[in-house]
Amino acid sequence: MTRNDKDTITRRTENRHLLRCMKAGLMAARDTPHKGLLLTAYLAGAVLVWLFRGHLFGLDAYGMFSPVLNAVIDLLVPLYAVGGLLAVLVLLGTPWGGREAKEGLQKVGLVNHAGEAPILLCKQRDKDTPRLTLWEFDPCGIPLGEWEDKRARIETALNITIAKMTWAEGRKIICVYAVPAESDFPALLPWKDKYLSPDSFVLVLGESLTGPVTVNLANIPHILLGGSTGSGKSVLLKLLLMQAVEKGAEVYIADFKGGVDFPRVWRQKCHMCFREDELLHTLDQLTAVLECRKKRLEETECKDLDTYNEATGEGLPRLVFACDEVAEMLDKTGADNERKKLLAQIENKLSTIARQGRAFGIHLILATQRPDATIIPGQIRNNMDFRVCGRADSVLSQIILDNTSAAEQIPKDARGRFITGDGTVFQGYLFNEEQL
Ligand SMILES: Nc1ncnc2c1ncn2[C@@H]1O[C@H](COP(=O)(O)OP(=O)(O)O)[C@@H](O)[C@H]1O
Ligand SMILES: [Mg+2]
């Protein structure tokens, strides 16, 4: 592309932008009272100038020239008035900080092949979440993927922390939802009982920049938590289990670390298993319940547990099976034949629950550092649709979420900070057993 071509493109973009600003100005004058007032004041001023043009321009003093001057001024005043009107409209339609934003983005290299940076069209408080500011950009041909790749640079350029970026109006506008850079995530968010969701069967995980992050087990039945050691998996797992208990679910916990992670309060409220034979027995029970519920739902022609409970008034509870550090449980390295057989049976049962659990209200919540195929077989993994990843390197992030966003968006020193499969970063509530 030659310099000339680039200049032509830039000029056309600017003209288009000017037109758009006028249109936006007109809308703003209609919708925002103070802008409307400004436009009215301008129009009133223009009319006054027109009415008193004789006095204002001192025409009487020029005697015989006055007819010619009169005609010239009669022509010029409306021209200036219209020019001024357009300028006022552009002014009203131009967002604050538009030029700084454009220059900032240009500096960090968010430009198209003609060297143009995106144009800020509008900047306003988000209607649903007043904490957030919504920046609307004309992307100037730069795809959303490139925005995502340059997320950190955009944050620096605009001095914001981005919560999310989406397309709007087809692919015409890119919306950037953000908070000011200094209002980042809090390092600590203590759990409070009032956060418990009243909806069945919604569990709350923490807070993102856009509000609480929740998962509804009735829709997304199984949860996989990953992340490196110390990222906060165990705390998050317990937070979820505590809520499940409070909401009346029966919780089964497999713990092969000698029970240090689950002190006595848990043993009073949940079914614990500490050995592999106990675990197999528990899973046998769960699959048996699954088969039994399947029959009863078939007989009553109900499509899932909630419908069944409503139709029969029975109130069958949801069952949640949880395991922290699944790798300890399912690791096959160095196992003899007998143990391998046992593990195969365990995997088999887990896979049945993973595939069929949703309708019958039986759920898995598994946490592990590295949920790769050697630890959690594909049959189980593929059915765990709600994935959450804490601090991780790009390989680990790829294993858990199928993308590298955890490595990019979670600071190395963050604890209890997670990202979901759909890219929502949140700070998990810090939950303490003593609250049980
Ligand atoms: N949501 C949180 N907010 C603040 N600190 C947390 C949070 N979750 C965990 N932590 C801190 O991180 C430490 C490690 O958490 P833990 O859940 O044991 O990590 P993991 O199980 O991933 O190894 C905890 O002792 C706690 O101090
Ligand atoms: Mg742990």
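Me: Helices (H or I, at least four residues) and strands (E, at least two) are DSSP runs, numbered from the N terminus. With that in mind, what sign does phi have at Glu301, just after H10?

Reply: Glu301 takes a positive phi, of about 55°. Before we go on, this is a predicted model, where local features need pLDDT of at least 70, side-chain atom pairs count only at pLDDT 80 or more, and totals for chains, interfaces and linings use all residues. Residues are numbered from 1 along each chain as its sequence is written, chains are lettered from A and ligands numbered from 1 in the order in which they are written, and side-chain values use heavy atoms, leaving out hydrogens and water.

Me: How do you know that the span of helix H10 agrees with what is expected?

Reply: The expected span is 1.5 Å times one less than the number of residues. For the 25 residues of H10 (residues 276-300) that gives 36 Å, and the end C-alpha atoms are 36 Å apart, so the two agree.

Me: Why is Cys389 called buried?

Reply: Buried means under 20% relative accessible area, exposed over 50%, and partly exposed in between (1.4 Å probe, protein chains only). Cys389 has 0%, so it counts as buried. Cys122, at 21%, counts as partly exposed.

Me: What makes Cys389 unable to bond with Cys323?

Reply: A disulfide is a pair of cysteine sulfur atoms within 2.5 Å. The sulfur of Cys323 is the closest to that of Cys389, yet it is 18 Å away, which is too far for a bond. The structure holds zero disulfides. Cys122 is in none either: its nearest cysteine sulfur, that of Cys175, is 8.9 Å away.

Me: Why is the pair of Asp402 and Arg387 called a salt bridge?

Reply: The term needs a side-chain nitrogen of Lys or Arg within 4 Å of a carboxyl oxygen of Asp or Glu. Here the closest N and O atoms are 3.9 Å apart, so the pair qualifies. Asp402 lies in the loop between helix H15 (394-401) and helix H16 (405-409) and Arg387 in strand E12 (residues 386-389), so the pair ties together parts that are 15 residues apart in sequence. Arg387 is buried, at 12% relative accessibility.

Me: And what makes Asp306 and Arg318 a salt bridge?

Reply: Their N to O distance is 3.1 Å, so that pair meets the cut-off too. Asp306 sits in helix H11 (residues 305-312) and Arg318 in the loop between H11 and strand E10 (319-323), twelve residues apart. Asp306 is partly exposed at 30%, whereas Arg318 is buried at 6%.
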